[in-house]
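This report describes the aromatic contacts, the burial of residues and selected backbone features of one protein model. The sequence and structure are shown first.

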Amino acid sequence: MIMSKPSKFNRGVSRRAVLKGAAGAVGLAAGSGAITGFPYVHSADPKVLRYLGTAVNAGDEISKKCLADTGIKIEYITVTTDDVTKRVITQPNSFDVLDTEYFSLKKLVPSGNIFALDAKKIKQFDNITPVFTKGQLPNGKKIGDQGTAPWKVLYLEGANSKKFSTTPTEFVTLIPTVYNADTLGIRPDLIKRPISSWSELLNPEFKGKASILNIPSIGIMDAAMVVEATGQHKYADKGNMTKAEIDLTMKIMTEAKKAGQFRAFWKDFNESVNLMAAGETVIQSMWSPAVTKVRSMGIACTFQPLKEGYRSWASGFCVSKAVSGPKLDWAYEFVNWYLSGWAGAYLNRQGYYSAVLSTAKANMTADEWGYWMEGKAAVGDIKAPDGTILEKAGSKRDGGSYDDRMGGVACWNAVMDENDYMVRKWNEFIAA
């Protein structure tokens, strides 16, 4: 899901850029355990890694903590989702560490420009949630696999291979870091009735008050969830549509647009926040931290569970093929630090989920873990980044527990094989 360096609650980012904003807040204000095991002795030679990504996992607090613990200085290169892909393919020497989503791998891996990391060098690899490795929750429940589910593209056949392996190998495309289950955001104070289906996005009751995000590989998935929920089509795989299915989906959405259903199409985190906070929209595609941001402003906003399930996404780390020597060692050190707990707890407090739940839990209070992960009522107040109260003691998180949310995943972000056609049809819809 961003483009310039994010600030508190993010400025001008497009794609979940938010992480360091909105709820990231929540976590740091609540307090966390200190990380141990990374003693850093100051050196005359700085360790610098250029970090290319969309700010999903980025933030000043993370880079400062990493520098303090490891001596590694992170230089963020923050761009849009599409620009991440373009830069990897055309400028592999311009970055060291890559932070990207799994759905982009079918474009990136064939380029040969990313380096497969060795799972044996990742200390917490065996503790990564089976959501990534097996397509199931820690309790064994299977989850939806439509689209680019991470476990389908997690492994490569060999160190220099451009082919995905259908069975586990030592060589990993992306070391998992963060993921979530997305849904619609609503203004319950303005709607004043239960919302339980994706189909509500096209309900004429919300004419001129609805919005969908304008990022093709994500927006078209939300559109497909809506179309299927209205009963107009049943997709074999919403994340890998045929051209005929893309045409049908865009036809239905274009008709709704021409009828005045949509107030706006947002790309930027702040756009989604402002639309909802101002009441210009009452129902729209939304990301969890954006909902958190609206609520931190004292405005009712709900990350609404829906009967058809969630659309999920996932991100991870790899490195440029140009990285070698000491810099490659630093990259492994950085990834190991990232999975060791402090950053994971930070991500969990954003409303996202860490790939290694055990280390994140060790860096959160029991009340934080209960609220964010177990669906329990908060014992104390949950605070926003500016210190204001986000949720009062006794509140429960929208959508319930981790198992409730991730167990309700219906599909993952779109496969990029049909990207050119999909993007063209999506842009025609936006321009209609």
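Which residues of H10 are buried? The model is predicted, and in it the buried residues of H10 are Ser288, Pro289, Ala290, Val291, Thr292, Lys293, Val294, Arg295 and Ser296. Helix H10 spans residues 288–296, and since nine of its nine residues are buried, the helix is largely enclosed by the rest of the structure. Just after H10, Gly298 adopts a positive phi of about 80 degrees.

**Overall composition**

The protein contains 16 helices and 16 strands. Of its 432 residues, 62% are buried. Its accessible surface amounts to about 15,700 Å², and carbon and sulfur atoms account for 51% of that area.

**Aromatic contacts**

A pair of aromatic rings is described by the distance of the centres and the angle of the planes. Across the whole structure, a search finds 23 aromatic pairs. Two of them are set out below.

| Pair | Centre to centre | Angle between planes | Class |
|---|---|---|---|
| Tyr179 and Tyr353 | 5.9 Å | 45 degrees | tilted |
| Phe265 and Phe429 | 5.4 Å | 80 degrees | edge-to-face |

Why is the pair of Tyr179 and Tyr353 classed as tilted? Planes under 30 degrees apart count as stacked and those over 60 as edge-to-face, with the rest tilted; the planes of Tyr179 and Tyr353 lie at 45 degrees, so this pair is tilted. The pair links distant parts of the chain, with Tyr179 in strand E7 (residues 175–186) and Tyr353 in strand E13 (residues 353–354), 174 residues apart. Both Tyr179 and Tyr353 are buried.

The edge-to-face pair of Phe265 and Phe429 likewise links distant parts of the chain: Phe265 belongs to strand E9 (residues 262–266) and Phe429 to helix H16 (residues 419–431), 164 residues apart. Phe429 has a relative accessibility of 1% and therefore counts as buried.

One aromatic cluster is formed by Tyr51, Tyr76, Phe317, Phe334, Trp337, Tyr338, Trp342 and Tyr346. Another contact involves a charge and a ring: the charged end of Lys243 sits over the ring of Tyr421, 4.9 Å from its centre.

**A loop residue with positive phi**

Lys192 has a positive phi of about 60 degrees although it is not a glycine. Where does Lys192 lie? Lys192 is placed in the loop between helix H6 (188–191) and strand E8 (210–213). Its relative accessible area is 68%, so Lys192 is exposed.

Definitions and conventions: Residues are numbered from 1 along each chain as its sequence is written. This is a predicted model: local features need pLDDT of at least 70, side-chain atom pairs count only at pLDDT 80 or more; totals for chains, interfaces and linings use all residues. Side-chain values use heavy atoms; hydrogens and water are left out. Rings of Phe, Tyr and Trp (its six-membered ring) pair if their centres lie within 6.5 Å; planes under 30 degrees apart count as stacked, over 60 as edge-to-face and the rest as tilted. Helices (H or I, at least four residues) and strands (E, at least two) are DSSP runs, numbered from the N terminus. Buried means under 20% relative accessible area, exposed over 50%, partly exposed in between (1.4 Å probe, protein chains only). A charge sits over a ring if NZ of Lys or CZ of Arg is within 6 Å of the ring centre and within 35 degrees of the ring normal. Accessible areas come from the Shrake-Rupley method with a 1.4 Å probe; for residues, only the protein chains shown count as cover.
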